[in-house]
Amino acid sequence: MLQHVLAIALALAGSQALAQETNWMVRARAVHIDPANESAPLAGTGAVDRIHVSSKTIPEVDVSYFFTPNLAAELILTYPQKHDVTLDGARIGSFRHLPPTLTAQYHFTPRESFSPYVGAGVNYTRISRVKLLNGAGELENDSWGLALQAGVDIRLDARWSLNLDVKKVNIRSDVIVGGARVSAVKVDPVLFGVGVGYRF
């Protein structure tokens, strides 16, 4: 009899713990930024795609809120990242960018161990500390663009999961020299991420 009572108590405790799971999840990722590096001809003449922005691997943190088991919103954050800029392979300077991104996601199998998702949203990139052509060159300060996302959470236990994620983000800026627009750059990176998630 005592064994039956204990079994029922444990089952109730387990169901109560599951019910107390919140709608919040946080993830920490290592993300590799791979820019598209498309640019218009300088001053409207010559070859295209001469201006390149360096790729790099950065830390990223995101916070997700689940409105339902399938629908979530994710805010993706990092700190300002420095990128080198080259023209025909020669370094001409650098800039920093801060790219918070907000996406709405659909999770296909949220209760399963293997839970893929897709997302779409908006990216805002703040460009700062621009140092191009010894101070003669500038970039626009702000960029708004579309963000697309696909990934999968692989459940490790009731709280922890492994996360694989890929995003395509539109980041674009005019290049200005002496107050005149001389080119337009489409950074438009693909971001490959791997990390861990924790569900509260």
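This report walks through one strand and its partners, a pocket, a cavity and some aromatic contacts in a predicted model.

## Strand E1 and its two faces

Start with strand E1, which covers residues 24-34. Its side chains alternate between two faces. Met-25, Arg-27, Arg-29, Val-31 and Ile-33 point to one face, and these residues are buried. Trp-24, Val-26, Ala-28, Ala-30, His-32 and Asp-34 point to the other face, and they are not buried.

## The partners of E1

Which strands pair with E1? One is strand E4, residues 56-66. E1 and E4 run in the antiparallel sense and share ten bridges. Within this pairing, Val-31 stands opposite Ile-58 of E4.

Another partner is strand E15, residues 190-199. E1 and E15 are also antiparallel, over ten bridges. Here Ala-30 has Val-194 of E15 as its bridge partner. Val-31 is on the buried face of E1, while Ala-30 is on the other face.

## The second largest pocket

Now look at the second largest pocket. Its volume is about 250 Å³. It is lined by 21 residues. Those closest to its centre are Ile-51, Val-85, Ile-92, Leu-132 and Val-175.

Seven strands are to be found in this lining with at least two residues each: E3 (51-53), E6 (81-87), E7 (90-98), E9 (114-132), E10 (137-139), E13 (172-177) and E14 (180-186). Which strand gives the most? That is E13, with four residues. The lining has 18 nonpolar residues, two polar ones and one charged one.

## The cavity

How many cavities of 30 Å³ or more are there? The count is one. The largest cavity holds about 200 Å³ of space. Its lining has 20 residues, and the closest to the centre are Ile-33, His-97, Pro-99, Ile-171 and Leu-191. Ile-33 has already appeared, on the buried face of E1.

E4, E7, E9 and strand E12 (160-169) each give two or more residues to the lining of this cavity. E9 gives the most, with three residues. By class, twelve lining residues are nonpolar, six are polar and two are charged.

## Aromatic pairs

The whole structure contains six aromatic pairs. One of them joins Tyr-65 and Phe-67. Their ring centres are 5.1 Å apart, the planes meet at 75°, and the pair is edge-to-face. Are these residues buried or exposed? Tyr-65 has 27% relative accessibility, so it counts as partly exposed. Phe-67 has 58%, so it counts as exposed.

Why is the pair of Tyr-198 and Phe-200 edge-to-face? Their planes stand at 85°, and edge-to-face needs an angle over 60 degrees. Their ring centres are 5.1 Å apart. Tyr-198 is partly exposed because its relative accessibility is 26%. Phe-200, at 40%, is partly exposed too.

## A cluster and a charge

Trp-24 joins Tyr-65 and Phe-67 in one aromatic cluster. Trp-24 belongs to E1, on the face that is not buried.

A charge also meets a ring in this model. The charged end of Arg-199 sits over the ring of Phe-66, and its distance from the ring centre is 4.3 Å. Arg-199 lies within E15, residues 190-199. Phe-66 lies within E4, residues 56-66. Both of these strands pair with E1.

Notes: Residues numbered from 1 in each chain as written. Predicted model: local features only at pLDDT ≥ 70, side-chain atom pairs only at ≥ 80, totals over all residues. Heavy atoms only, no water. Buried < 20%, exposed > 50% of the residue type's maximum accessible area, 1.4 Å probe, protein only. Pairing = 2+ DSSP bridges. 1 Å grid on protein atoms, 1.4 Å probe; cavity = no way out; pocket = protein on both sides within 12 Å on 5 of 7 lines; lining within 4 Å. Points joined across faces, edges and corners; volume = space filled by probe spheres on them. Nonpolar A, V, L, I, M, F, W, Y, C, P; charged D, E, K, R; others polar. Phe/Tyr/Trp six-rings, centres within 6.5 Å; stacked < 30°, edge-to-face > 60°. Lys NZ or Arg CZ within 6 Å of the ring centre and 35° of its normal.
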